[in-house]
Amino acid sequence: MLFRVVTTKTLLRSSQHLASLPNRCSYSTKVEYKPIRSVLVANRGEIAIRVFRACTELGIKSVAIYSKEDRAHIHRLKADESYLVGDGLPPVQAYLHIPEIIKICKDNGIDAVHPGYGFLSERSDFAQAVIDAGIRFIGPSPKVVHQMGDKVAAREAAIAAGVPIVPGTDGPVTTKEEAMEFCVKHGLPVIFKAAYGGGGRGMRVVRKMDEVEENFQRASSEALSAFGNGAMFIEKFIERPRHIEVQLMGDKAGNVVHLYERDCSVQRRHQKVVEMAPAPHLDLKVRDRMTDLAVKLARHVGYENAGTVEFLCDEKGNFYFIEVNARLQVEHTVTEEITGIDLVQTQIRVAEGMTLPEMGITQDRIRTDGFAIQCRVTTEDPAKNFQPDTGRIEVFRSGEGMGIRLDGASAFAGAIISPYYDSLLVKVIAQSKDLQSSCAKMNRALREFRVRGVKTNIPFLLNVLENQKFLNGSVDTYFIDEHPQLFNFAPTQNRAQKLLNYLGQVLVNGPQTPLATPNKPADIKPHLPEVSQEYLASTPQQTPKVQPPKGFREIYKQQGPEAFAKAVRNHKGLLLMDTTYRDAHQSLLATRVRSHDLLNISPFVTHNFSQLYSLENWGGATFDVALRFLHECPWERLEDMRKLIPNIPFQMLLRGANAVGYTNYPDNVVFKFCELAVQTGMDIFRVFDSLNYLPNLIVGLEAAGKAGGIVEAAISYSGDVSNPKKTKYDLKYYLNIAEELVKAGTHVLAIKDMAGLLKPAAGRMLVSALRDKYPNLPIHIHTHDTSGAGVASMLACAEAGADVVDVAVDSMSGLTSQPSMGAVVASLQGTPLDTNLDLSKVSEYSAYWEQTRTLYAPFECTTTMKSGNADVYNNEIPGGQYTNLQFQAYSLGLGDFFEDVKKAYAEANILLGDIIKVTPSSKVVGDLAQFMVQNKLTSDDVLNKAEELSFPKSVVEYLQGHIGQPYGGFPEPLRSKVLRDMPRIEGRPGASLAPLDFDKLSNDIRETFPHATDRDVMSAALYPQVTNEFLTFKEQYGPVDKLDTRIFLVGPKVGEEFEVTIEKGKTLGIKTLAMAEDLTENGEREVFFELNGTLRSVLIRDKDAGKEIHVHPKADKADKKQVGAPMPGTVIDIRIKVGEKVEKGTPLVILSAMKMETVVQSPVAGIVKTLDVNMGMKLEAEDLMITVE
């Protein structure tokens, strides 16, 4: 043991000044030096590791304690030894259990205890217990800890030392009545502070008298939870201050020095977010006076070891004492960076008995060099008012490099962020020559971070670092509150991890889009013709270097729809529309072809089929199927196709007043839809109505025309004009409708033969009649090849004067699809109607689709349909519906009765009045047909029992008039029997609908999905529930449309390696490694991947195995009546009961997480229907708490 005589020369202050101090603050001139061999850190996380590192550098053994919840935490692994503390206690209480910590020290021969910050660091009874046990406490004396921890005593000491103070209570306040009394006497605003702790816990600013009691209770409760004592200190609140603090260090010989100041003004909820040293633009005279007074206060109380004196400084340079933090602070790092002094090592050396001068730390030697800033990266979501986030860190990659220091503990892949402790993930410190260059380094480092699995405040920190006022150093404690733009965040994409979650979901729970048959997708990568590779190299994100040949679209875009129609009519030879991109796969593959496969072949189509009249690639069923089953945005599909195919006109199917839906919409929805479609790249609108009901048709024509599109009015074909026995839909019927459509201003006239009923003779008759009557109007014929006569019919129509016929590439033609492109091209070669398409290119195009089609084996129509069938002339089933009906029949167990279904379809059609059959009217007939087969009903049965049968909804709504008025009227007496007293719609169904409020819809959607686009709003106007589900899926699983089709549908095989290009120049390399056999306690399976060479894993809840495990239900984000937990936490108060009436904003439940309390308010007014939580329940984010009705 060493004793040294310390002379007055050793002291930094004059002997005269020391003599002036009260006797209680006199220092012994004998300083005992006793080396420390082991240090226990009574803390956790980042600060524990910081102390361990200092110990290791000094050759001292480091010892950790850890709670049960922290048994996997890295701080216990960084220490030389670690011991469990507080077994059986709540997580925070474990670290506050003084007797057990002392016992661990004694049992293991610990020399000294470092308290870190938080927890017990400002508890004088802890410091005293350590000393009483014969162990050294690395910090101020218990007396000083008590005096400085007591806000009242600290104020008295400040007053005695001549330090200016802010008016406040004379002592701790424990009741709301005392708080109210002070506020009434001194006026508002005031600030509540925890009397026995700091760090922003238990701190509230109150500006309204009616908020005093509630805020006092919340602040007191937080203080009690964090520090074990809920007593509060109240003082007047200084407006617009800067928060400046002075770092001090004292030794046992009475030497006290300052290490200059820090600016901690950038705060949120009174917690520091960004700290910097030195304080920018602080007047040197103010700084010197502030640091002198801080040292004077420390000397006055006999301070030793590290501490901080905090001040509020107003715009005029006046400053006021706030408090003394008798401990090391979170932001000590910036002081270390600018002074070069290791504060933690100095703390330990002082505790050993070394003096500051012996360590070379004298005031005249302390200099600042450059500038340092610290950002606290926390697991909080700034987009949700900084709600703490918890969970497993799936990915962690830090930013490093010159001038960057990282102090962390929980920051690694696989770390579990619990709701029990502080949300600090890692401290990032940047040091450079000045504030601006420090900010540049910090900005760069934060942008290098990749944290997945939990939300962080990094987007917010980046906004702070790019704010000009911050870069200039002109900040005060109002900085965050007065800059709402700091909360404008570009959405983080997190695409790779989301895709892994999707793949894991498929591997654990099976396909995420329902498969129609047991058939599996082929393990094949379709061969792409060479031009595609070259063209794809620069698109769709960039303008392609290789420009495609010009096509008809150039005429339309430069000269307008009328010029386009004229060019079509004047064209020599037959023009073709390719339906491969839409109707062909709708008919053959249940509309399931994905954008991925369409886009792959698009460059080839662009360069080799520029002579096409158009490419039918959008609208109809593809719109909702894309959202509903393929989990991709139909608008993005259209946009991406347009970038790849700039030269060929696009054509879509518009269901008149039904747009691309199955119901009626307000007219403004149809008009808005067409406008957005043209803006996104659509050219030709084939407008039809499922009943040829002119009022519905006219709405669609006008909407398409107003949007600037090419209007192609389509007459849906039924019957047989060549058969004199079929008189309902005769030639006169079609000519009359054509006349009305021409009057309405159509640019092109189309015949839509949706069932393939147009025989060659009928085609000649109909086209000839139309051509004679309208010699200058382009005529376009659409058919299906269900009977096998499609090619013959199209050739007959062409010879009769049709300008355009529909075909599908060979491998996607036939059956219920369109006639073969190759067959038509070959048949017309060398004739006046020659299409001038290269048959060899058609073959290459067909080869791609022949391979691609095998990827869609689960939806392949040939599973149940082996050939075309001429019985379509009897049942009149539309091509697309024919396949779907067959699938439905099999799924309903009626596969063996499909012939009966077809016959019933023909009977149902007659029962309903022999109507035009195309979506949605065809669905009405199909539903009635299956209803008849399932219930073994004949036509007579239906008529006779109509009043007692429960008909399908679609049948009832058709008879009510929901889809329009059929030609010849509704069937009687069937209609009257079915409807009885139900309401009927006369005239156009949409005419009576009020315009949709798009602004309200937009606000509603963006409330749940803040980054929803105008396109999403349009989709929601048509399909509200489907769009909500799509946006939820996209948010959870990312760009699944970029996956290869086989992997999208059924997932990868274990051991399989594959690539996913998420955008140009960004390709992910993924390998599926394994799936855990055992479930977690939450019913999850861990799935392991290798992503770009690094190990990744995701936890997926097993929906089957998890049924045996109770899992708390989640709130439906789209349902405002379901109130979910805004963050993970513990229920500490429930303010309502079932059946109680609540208003919007009524406090419902109080949650506590990471020592922060949050009041959950009702989002709507209503009655509490269910209460799904109880006191003390631990919740995950979005767990259902309450349902309001």
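**Surface, charge and salt bridges in a predicted chain**

The accessible surface of the chain amounts to about 45,600 Å², and carbon and sulfur atoms contribute 50% of this area. The model is a predicted one. Along its principal axes, the C-alpha trace extends over about 125 × 65 × 60 Å. The chain has 1189 residues, 60% of which count as buried. Its secondary structure consists of 42 helices and 44 strands. Among contacts with a separation of 6 or more, 71% join residues that are 24 or more positions apart.

Charge is a helpful place to look next. Positive side chains number 135 and negative side chains 147, with the centres of the two sets lying 3 Å apart. Salt bridges in the structure come to 71. Some of these take part in a network, which links Glu245, Arg262, Lys272, Glu275, Glu310, Glu331 and Arg376.

Three individual pairs give a feel for the settings in which salt bridges are found. The first to consider is that of Arg1046 and Asp523, whose side chains meet with an N to O distance of 3.4 Å. Arg1046 belongs to helix 42 (residues 1045-1050), whereas Asp523 sits in the loop between helix 17 (495-509) and helix 18 (530-536), so this salt bridge ties together parts of the chain that are 523 residues apart in sequence. The two partners also contrast in accessibility: Arg1046 is buried, at a relative accessible area of 11%, while Asp523 is exposed, at 51%.

A salt bridge between two helices is provided by Lys176 and Glu213, with their closest N and O atoms 4.0 Å apart. Lys176 is in helix 9 (residues 176-186) and Glu213 in helix 10 (residues 212-227), and the pair links distant parts of the chain, 37 residues apart. Here Lys176 counts as partly exposed, with 28% relative accessibility, and Glu213 is likewise partly exposed, with a relative accessible area of 37%.

The remaining pair stays within one helix. Lys902 and Glu899 form a salt bridge at 3.0 Å, N to O. Both residues lie in helix 34 (residues 898-911), where a spacing of three residues corresponds to about one turn of the helix. With a relative accessibility of 3%, which is under the 20% limit, Lys902 counts as buried. Its partner Glu899, by contrast, is partly exposed, with a relative accessible area of 43%.

Methods:
Residues are numbered from 1 along each chain as its sequence is written. This is a predicted model: local features need pLDDT of at least 70, side-chain atom pairs count only at pLDDT 80 or more; totals for chains, interfaces and linings use all residues. Side-chain values use heavy atoms; hydrogens and water are left out. Helices (H or I, at least four residues) and strands (E, at least two) are DSSP runs, numbered from the N terminus. Buried means under 20% relative accessible area, exposed over 50%, partly exposed in between (1.4 Å probe, protein chains only). Contact means heavy atoms within 4.5 Å. Accessible areas come from the Shrake-Rupley method with a 1.4 Å probe; for residues, only the protein chains shown count as cover. Lys and Arg count as positive and Asp and Glu as negative; His and the chain ends are not counted. The place of a charge is taken as NZ of Lys, CZ of Arg, CG of Asp or CD of Glu.
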